[in-house]
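Trainee: I would like to go through this model with you and ask, for each label we attach, what justifies it.
Mentor: Then let us set each value against its cut-off before we conclude anything.

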Protein chains: 2
Amino acid sequence: MKLADLVKALNVLSDEVNSHLNDLLAGGQPEELYSASSHLIEAGGKRIRPFIVLQSCKMVGGETEEAIPVAAAVELIHNFTLIHDDIMDGDDTRRGSPTVHVKYGVPMAINAGDMLFAKAYEALLIAAERNVSAGMILKLLEKLTKAVQTVCEGQALDMIFENRLSVSEEDYMRMISQKTAALLAASAEMGALVGGGSERQVNHLGQAMNAAGLAFQIADDVLGVTANERVLGKPVGSDVREGKKTILVCHALNHAETPQKELLLKTLGNKSASAQDIEESIQILRSAGSVDYALKKAENLTQRAKSELESFPKTEARDLMISLVEYFVARDR
Amino acid sequence: MKLADLVKALNVLSDEVNSHLNDLLAGGQPEELYSASSHLIEAGGKRIRPFIVLQSCKMVGGETEEAIPVAAAVELIHNFTLIHDDIMDGDDTRRGSPTVHVKYGVPMAINAGDMLFAKAYEALLIAAERNVSAGMILKLLEKLTKAVQTVCEGQALDMIFENRLSVSEEDYMRMISQKTAALLAASAEMGALVGGGSERQVNHLGQAMNAAGLAFQIADDVLGVTANERVLGKPVGSDVREGKKTILVCHALNHAETPQKELLLKTLGNKSASAQDIEESIQILRSAGSVDYALKKAENLTQRAKSELESFPKTEARDLMISLVEYFVARDR
């Protein structure tokens, strides 16, 4: 399947999900709160998690009509976590626009994130109007609630790791499994659940998207230092400036020569580091083999995800999911 | 009924709810996140909302066993909103302890609030293990979700009003109805729902606690300028310094003489106002009759709440609720 087919499918489903999201948020009062709540959603985003919900639903033979509210719910959760994470991390731009707290101030941004969190539950409860049973909605709510808790735990670890001199690869993998992969895996599981999939199918799809989610985050770490800044929509090297323990940094701190390691530690988390310091750090990550190591690791995880997906019957939905997983590590932003 | 009986009943139920809250939060990892999440809950609090859930359940003849998870859920929501509100309002102390963001930093406090929000839904889902039907849990989730959205809207209004020169009493009442009364009313409604109450009973209890909640917030506004600072647990006059449009301020700005009004406007929201400026503002609120006006209004709302409650058969639960409503406007903190 070609990338163009994936992009087309993403766009078609985006439109449907966006109109549902718009219904949930339009016209609320006070207007400033609802503008702040909609800002990031309207700034764009690929709607990857809704896509996973809907394709997973199709892969087990379900009706996407019932899965649309579920898709909206995971997207709302994703946007809520991004708004709060951007405050926590002090990030100024996202999707090429100012972040919510930059545009509306930290207090309103905290409140807007909370509103989206609550809207996610409202979205899920709407599934009852589409003939999803109460028992099924409770199962979906349980998955979503557990996923949010896991994301909070991962975000906490990410912040705690910023203050550690070194982080093992095992700790890093646990952190990204919680912070990034958990909601992608939950999206697949929820889609399969609402589609009427068996427990085995739900688990396989969850495992596939967990592996793909780990690969996604590793690719994100790599993009953070290798991407074109204009395409990426945020400054290259900002992870280094913030002291984020990306896989590149974890690897380099465990494998670089002592002088390089010391240079890297000097720049890591140094908010007033110069552009030259950042560039030097990126060179260290490259020369320590950390970029290549990360790319290889992402590739292995992608293969694992694809094998899981290939255990499902060949359908258009399955092939779209495989394309998505390939795209996770082949994107330029 | 004597205040001592109310206090005793509050304490008995607190112990039960606290042990349930502890089960939901104990032992989570990373520890720093769970400590931050538990900090405010462990700092105390009267567990008024759980009490309302449980007494409302009893008032309609229900079993409190089934209502305990519901009680825990509303307390978790309450604490989540307090943690985030304290960040938004820049408050340093609460329940006589440093606020969560003062102790753990703003990023971890945002995350801790999010975790409690998610834990509230986990608490509600646990009700399924106590033979509450899936359909009933969905109804409870809907009430809770709507209440959180309303609280977010009220908090947004509260912040927006800080930047307005004057706020009508009608706007003020809408704001506190959303920010404060909504969760108290939802607690009563949810207790009555899970207890098997009729729609009429659910509505009456909701209306009673809405009126009582308005009285509660007005009493809070009054305490903010008249209380003993040590008993209150936060600085007297901090609302004035933050520029909060309390009922006292709304009334004074609409009724004080021009010179007093101008003096008040100079101090309102002035973060560097001196203790003398604050004291002068409080004197203006008193001399404009705003304190007396607020007390009278709180008293009328309390009477309305009591009339609603008195339409229920006389039981111990009903009398405890009446005592609670009286306590709302008679407390010293």
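**Labels and their grounds**

Trainee: Why is Cys250(A) called buried?
Mentor: Cys250(A) has a relative accessibility of 3%, and since buried means under 20%, Cys250(A) counts as buried. Keep in mind that this is a predicted model, and that the value is computed from it.

Trainee: What makes Cys57(B) buried?
Mentor: The relative accessible area of Cys57(B) is 0%, and because the cut-off for buried is under 20%, the label follows for Cys57(B).

Trainee: How many disulfides does a search of the whole structure find?
Mentor: The search over all chains finds 0 disulfides. The criterion is a pair of cysteine sulfur atoms within 2.5 Å, and the count of pairs that meet it is 0.

Trainee: Why is Lys244(A) called buried, and where is it found?
Mentor: Lys244(A) is found in the loop between helix H11 (238-242) and helix H12 (247-255) of chain A. Its relative accessible area is 6%, and because buried means under 20%, Lys244(A) is classed as buried.

Trainee: What makes the pair of Lys244(A) and Glu162(A) a polar contact?
Mentor: Their side chains come to 2.8 Å, which falls within the 3.5 Å allowed for a pair of N or O atoms, so the pair of Lys244(A) and Glu162(A) qualifies as a polar contact. Leaving out residues up to four places away in sequence, Lys244(A) touches Asp89(A), Asp158(A), Glu162(A), Asp239(A), Val249(A) and Leu268(A).

Trainee: How do you know that Arg94(A) and Asp86(A) form a salt bridge?
Mentor: The N to O distance between the side chains of Arg94(A) and Asp86(A) is 2.8 Å, and because the cut-off is 4 Å between a side-chain nitrogen of Lys or Arg and a carboxyl oxygen of Asp or Glu, the pair is a salt bridge. As for exposure, Arg94(A), at 24% relative accessibility, counts as partly exposed, whereas Asp86(A), at 2%, counts as buried.

Trainee: What makes the salt bridge of Lys297(A) and Glu169(A) a tie between parts of the chain?
Mentor: The side chains of Lys297(A) and Glu169(A) meet at 2.8 Å, N to O. Lys297(A) lies in helix H15 (residues 290-310) of chain A and Glu169(A) in helix H8 (residues 169-194) of chain A, so the pair ties together parts that are 128 residues apart in sequence. Glu169(A) has 26% relative accessibility and therefore counts as partly exposed, since that class lies between 20% and 50%.

Trainee: Why are Glu122(B) and Lys119(B) said to be separated by about one helical turn?
Mentor: Glu122(B) and Lys119(B) are 3 residues apart in helix H6 (residues 106-126) of chain B, which is why the separation is given as about one helical turn. Their side chains meet in a salt bridge at 2.9 Å, N to O. Glu122(B), at 24% relative accessibility, counts as partly exposed, while Lys119(B), at 6%, counts as buried.

Trainee: What makes a set of salt bridges one network?
Mentor: The salt bridges share partners, and in this way Asp85(A), Asp89(A), Asp158(A), Glu162(A), Lys179(A) and Lys244(A) are joined into one network. Over all chains, the search of the whole structure finds 34 salt bridges.

Trainee: How many salt bridges and residue pairs in polar contact are there between chain A and chain B?
Mentor: Between chain A and chain B the count is 0 salt bridges, and 9 residue pairs are in polar contact, both residues being at pLDDT 80 or more. The largest share of the side of chain A that touches chain B comes from H7(A), with 16 residues. By class, that side of chain A has 24 nonpolar, 7 polar and 6 charged residues.

Trainee: What area is buried between chain A and chain B?
Mentor: The buried area is about 3200 Å², and carbon and sulfur atoms give 77% of it. Of the area that chain A buries against chain B, Leu125(A), Leu138(A) and Gln149(A) supply 16%, more than any other three residues.

Technical notes. Residues numbered from 1 in each chain as written. Chains lettered and ligands numbered in written order. Predicted model: local features only at pLDDT ≥ 70, side-chain atom pairs only at ≥ 80, totals over all residues. Heavy atoms only, no water. Buried area = accessible area lost by both parts, 1.4 Å probe. Polar contact = N/O pair within 3.5 Å; in protein donor to acceptor, adjacent residues only side chain to side chain. Helix = DSSP H or I, 4+ residues; strand = E, 2+ residues; numbered from the N terminus. Nonpolar A, V, L, I, M, F, W, Y, C, P; charged D, E, K, R; others polar. Buried < 20%, exposed > 50% of the residue type's maximum accessible area, 1.4 Å probe, protein only. Contact = heavy atoms within 4.5 Å.
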